Amino acid sequence: MTSVDTTAPEIETTVARNDRWLRNLLVALVLVGLVLRLVALGERALHHDESLDAWFSQRFYEGTYDGYDPVYHGPLRFYLTAGLYWFFGLSVASARLISVFAGTALIALPWFLRRQLGTIGTAMVAAILCFSPSFLYFSRFAREDALFACLSLTFVVVLFAHLDRPRTSTLAVLLLTLVAAWAVKESVFLLVMVVGSYLLVELAIELFDRSHLRIPPQAIVLVLAAASILAFALGEPIMVNLGWWGALLLGTVAVALLTARRAGGSFGATEIGAATLAPGWRGWVGALSAAATVFVVLFTVWLTNWAGSDTESTPHNAVIDGLVGGWDYWRSQQDVNRGGEPWFYYLFTIPAYEYVTVFLAGIGVVSELRGSTRIGRFALWSTVVSLGAYSYAGERMPWLVLHPLLPAVLLAGIGAQYLWTHRKSALAGSAAMLVVLGAVATGIAGFRVNYVDGEEPRELLSQAGQASPELAATVARLYRLDQIVQSEQGRPLKVLIDSADSAAWPYVFYVRDLADVLYADLGSATVDPTTDVVIVVDRNASAVAPAVAGWDATRQLHREWWVPSYTEGGVSGWLSWLTHRELWGDDEVGGVGETVYVSPDVTALETRAENRLASDRPSG
Amino acid sequence: MTLVTAAFLLSCVVVGVGFTGHLPVALRLEERLPIGAVVGAMAVTLVALGTIAVFGFSGPTVMLAVMVAAGLSMPGLLRVAPSVRAEYADFRVRLRRGWRDPSSPMPLLVLCGVTWPLTVRILSLAYQPSPSGGIAAGHLSTFGDWQAHLAYAGNFAYRSDVHLGTPLAAGEDFAYHFGVDLFAALTVPTGASLHAALQITSGYLAFALVPVLYLFGRRLFARRSVAVLGSVLFLSAGGWGFTRFLDDVAAVPAGSFSDRFRQVLWNQPRDYTRDFDTYWMDNPVLGHLYPQRPTLVGFAVVLFTLAILWAARESGERGAFLWAGVVVGFTPLFHTFGWGTALVMGVLWAVTDRFWIAEGRRWLWFLVPAVVLAVPAVAWLVPPDPDGTFRWAWGWVTDGTPLGLVGFWFDNTGLFPLLFAVALLWRGATSRRLAVALAPIWLWFVGVHLAVPHPWEGNNAKYAIFWWMLGAFAVAALLAAVVDRVALSGRTGVVALGGFGVGLVVVSLTAAGGLDLFKAVDGTLPAYPAEVASPGEVLVGEWVRESTADDAVFVTASSSASQPVATLGGRAVVTAFDGWVFDLGLDWNGRRQASIDILAGAPTAGGLIERYGVDYVVIGPRELAAGASTDHWDRSGTLVYDFGQYRIYRP
């Protein structure tokens, strides 16, 4: 008794001191993270997908949004971005702000896992989320991925809070977070799959622990992971594989439950079972009602559109479309393999930037194998399953990197805490040195991709649809020409933009303030002779050539990309990419080129306008 | 806003916080920061005036000004740093106590949580792209007054030297409290456009004003409810104009009352606090703080200076009197009305404290710097012919009869004067000491009925607004006292009736202002956004600032606030918009006629060009409407600019 009385306050003081230190560090990281995300936010040219998000948000802002369509993902982020438009006006920067705020909030969330991750682990997770090239890049990117990552980690935080101390309020927040994530992106199904399967595994471990079998947790996890790989290696349609996988997990839990019952255990006696049953039926009904209400509000465009958007992928009403439209669309896209990337895409893309995370996550795996913890099992399971699921799913894109990376960051935090705990061991010093070197290399890579070469196709993060800087300059020129034509002729500039090869985007958002812009596939459409500017993609160039003969022509790249031949680079190829962003072998940058034609009249006006700026300032 | 601009503004806050280190009054964090923000902006601006005068206007000069100001504030900063740390810890402790605790800052945070986003929204609508490719103003404030502020800010930002002549009337002194516009100009080298500079600095100062309003209420009345309600009553003040809104609802031909109410609410056909016929006082935000940017500094200085003097009267600390006196002494360059109000209130409080006896002499520590430091600026700011504009006029814009006066104030401020008077007379609402302290502000109310010191009589509202501002807190105290009494009765019927009555009074005091604010926030104003610069004018402005000498003088038409040369080019004109020049007390008509004569090529044009030092003659649509002759200028001038509808000649 005496020892307890004297040490308890000391432990409390240490915890309080650690908490204070950690809190101050996290506040600093959040502030630094916010600044890093805001610096030159509007300068990188819009990506194709960003312009779609920005435009849909604009439509909601202007009251013309039709409602949820899974092709363009959930509506919540359009509402949020429209809110930011309301405050800050329409611009590229304000279109990206929701990602900035979500990416910044993400940095603070590990605070709520500090008891599980440890002080050093929490600090490392927050630091990685702050400086990671991938998290930083997509926190400055007007897609939903940073927001979804923020909601995913919030979900995890609340889940652990609920498991620790189950209450109706935590259950309600958990379900509301899930609904919010659902209303952001269909990746919510994968989130549910990852977390749900983890909970089943955790339940099986606990039940086996209460049975006479006493199977070690690592063995259960490894056997299930191997069986899962086998299940998905069958090559059947994805739904069949998912069915097999689900049956495998549920079967394992059923066996565990049966064996536990023989030893006097039950579902309610397990931690997960207790957390499930604790809110009672009233708590569940209340929480589900709140979640359902928010779901209906979000998917009916704030109760104004019950009929839905009535597109090919949303044939039902708004609520049913919200419930099943995303799933149906996601299933239908599995065979499309948008982006054309191989299944091992993330195995190259993640290590290409995230040196510290990969290294520390590896140590985290060692830590977990040496002594299992719940957060460790969760991080390891989520990393493996997420990586598997996103590699298996039919679309592999740079922004999806965040989803498997997020649990790996938690694993890295566990690795950092493990290193700290074993800091007196012989290998800890070398490992720490590698972490420092990795941090420097990560910082350089992050700086380059975020602030120097944001549009560079050789960067793996800026793939697939990134508009060129020349396009952004052309947009500025269009506004200038409009000003000149309005000034001289009292009419708006008449612009025709080719919609072939999806080249209308990102112009649609960019030229929103120009009064006379038309989009058409110029492979078949004719050019109105009164048009002032024609922007045509290369493959339609010959079709418009007669109409624009003698016009001022500027050739530029619309967007560029590089799809690496991953396995052909070899060590030397990847090293040369890592240091100089040089490609190897036959690899080359591809892209869609376009030509901006300006009519002779407007060209003459432009020349006159620039000449009239000849200085009348006295020399000397 | 760029991060460099944000860093500049943050530097101003730090500089100001440093100067508060010399103030021997215990401040809370939520008091020190807004006071520091205002004082810092003033300090950096004043220092910049010196650095620009020596080195010219540029980014490095602005940075030098920040560094010098930081150096000056460093001793205070070192002194105050431990206090700030303690204040931060105290703030966190108070925050955790729950909002019912008397020291909790939650009411202030809620007040800021509501007003700050609305401020951002209103300011984000200030300027928008116009459909024709030009610039549209989102509100009358930016269509009118801000055009002049653009000219003032451009006068610094688009020149390389300090020019203390007004750009609105070439050759005349800058007899205007331009400090806040120079402050805006300082953000241009940090990456802000001139238009954004006005938006950003207005936002910065508006953010500071809200907690300053709160601190005034809390310090003088010692009640958070009075601080919050007083701030709300002032910011959303209006008169009886909401009855016109009800008329507008009734005029909708069809639909239920709620349908018609919603329809009119979202499409308000007119303003309810301003028409310059019945309504002259305007809503304080939309008629004063938004268009008249200097008020953002002046109101804040009046409020925190009085709060500091109120504390200093208790403590007797000479340093507090001196600190307040120095700040007030530097105020005229930012807001002359604010300087006058703070000074006169100080004088009257000093008289109350009998400053001629030994104990009262501490007031000299306030009064001497407040006067001595202000003398050069005030002397500079006095209009060229004050006797010509000042006139005695009984009744202001009313017919002067008692009924006319009562009707005017009832229309413009509702029950406010009556409630204010009751608040001062009823000891249940204000202590005798507080009532005596606030009573002198009625002199401003009386004064506006006796004389018109400015060319336009509407400017008297710039004095009466101080009476409205300080009185709002007294009225809030009265209403809070009534609620207390009613609650103490414990009878449900009395509580319900009393609560309803107080609620009704609050609605009557804020409904008209609230409706006008709603329009400004929603952006659905009857006449706005309206184009304030056509694309041709934007190009002219660009040419002017890039291609002409800093001291070039232009002739343009003076019929509109749309002034490409003065507002977009930063150059002086013979006369800008007639209304502005008239308001400055200058010979607007003579200059207007001179401009017309020059544009038309009248026989006197040569002499006028020489007299005003004209370098360029601008002929565009407005000039042609005013009788400009392109034939004359084609013959006798050199065409240096010819694009769109604009031609510019050298005489």
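A nonpolar core here is a set of buried Ala, Val, Leu, Ile, Met, Phe, Trp, Tyr and Cys residues joined through C-beta atoms within 7 Å. Keep that in mind as you click around this predicted model.

Start with the largest of these cores, which has 387 residues. To find its best-connected members, select A412 and V533 in chain A, then V38, V44, A300, V475 and V617 in chain B; these have the most contacts inside the core. Now zoom in on A412(A). Beyond its neighbours within four places in sequence, A412(A) touches M124(A), V125(A), I128(A), V356(A), T357(A), L360(A), A361(A) and G364(A). There is also a second, separate core of seven residues, with W240(B), F242(B), F245(B) and Y272(B) among them.

Stay in chain A and pick helices α11 (217–232) and α18 (374–392). Their axes are 12 Å apart and the packing angle is about 5 degrees, so α11(A) runs roughly parallel to α18(A). Show side chains for P217(A), V221(A), A225(A) and F232(A) on α11(A), and for R377(A), W381(A), V384(A) and Y392(A) on α18(A): these make the contact. Seven of the contact residues are nonpolar, none is polar and one is charged.

Next, the place where the chains meet. Chain A puts in 22 residues and chain B 23. On the chain A side, α1 (2–38), α3 (76–88), α21 (469–489) and α25 (600–611) each give at least two residues, and α21(A) has the largest share, with five. That side comprises ten nonpolar, five polar and seven charged residues.

Finally, colour chain B by domain: domain 1 (3–223 + 291–382), domain 2 (234–278 + 389–522) and domain 3 (534–650). The C-alpha centres of domains 2 and 3 of chain B are 43 Å apart.

Methods. Residues are numbered from 1 along each chain as its sequence is written. Chains are lettered from A and ligands numbered from 1 in the order in which they are written. This is a predicted model: local features need pLDDT of at least 70, side-chain atom pairs count only at pLDDT 80 or more; totals for chains, interfaces and linings use all residues. Two residues are in contact if their C-beta atoms, placed from the backbone, lie within 7 Å. Helices (H or I, at least four residues) and strands (E, at least two) are DSSP runs, numbered from the N terminus. Ala, Val, Leu, Ile, Met, Phe, Trp, Tyr, Cys and Pro count as nonpolar, Asp, Glu, Lys and Arg as charged, and the others, Gly among them, as polar. A residue is buried if 20 or more other C-beta atoms lie within 10 Å of its own, exposed if 12 or fewer, and partly exposed in between; C-beta atoms are placed from the backbone. Domain bounds come from an automatic or database domain assignment. Axes are lines fitted to C-alpha atoms, for helices over the stretch in contact, and angles run from 0 to 180 degrees between N-to-C directions. Angles under 35 degrees count as roughly parallel, over 145 as roughly antiparallel, 65 to 115 as roughly perpendicular and the rest as oblique.
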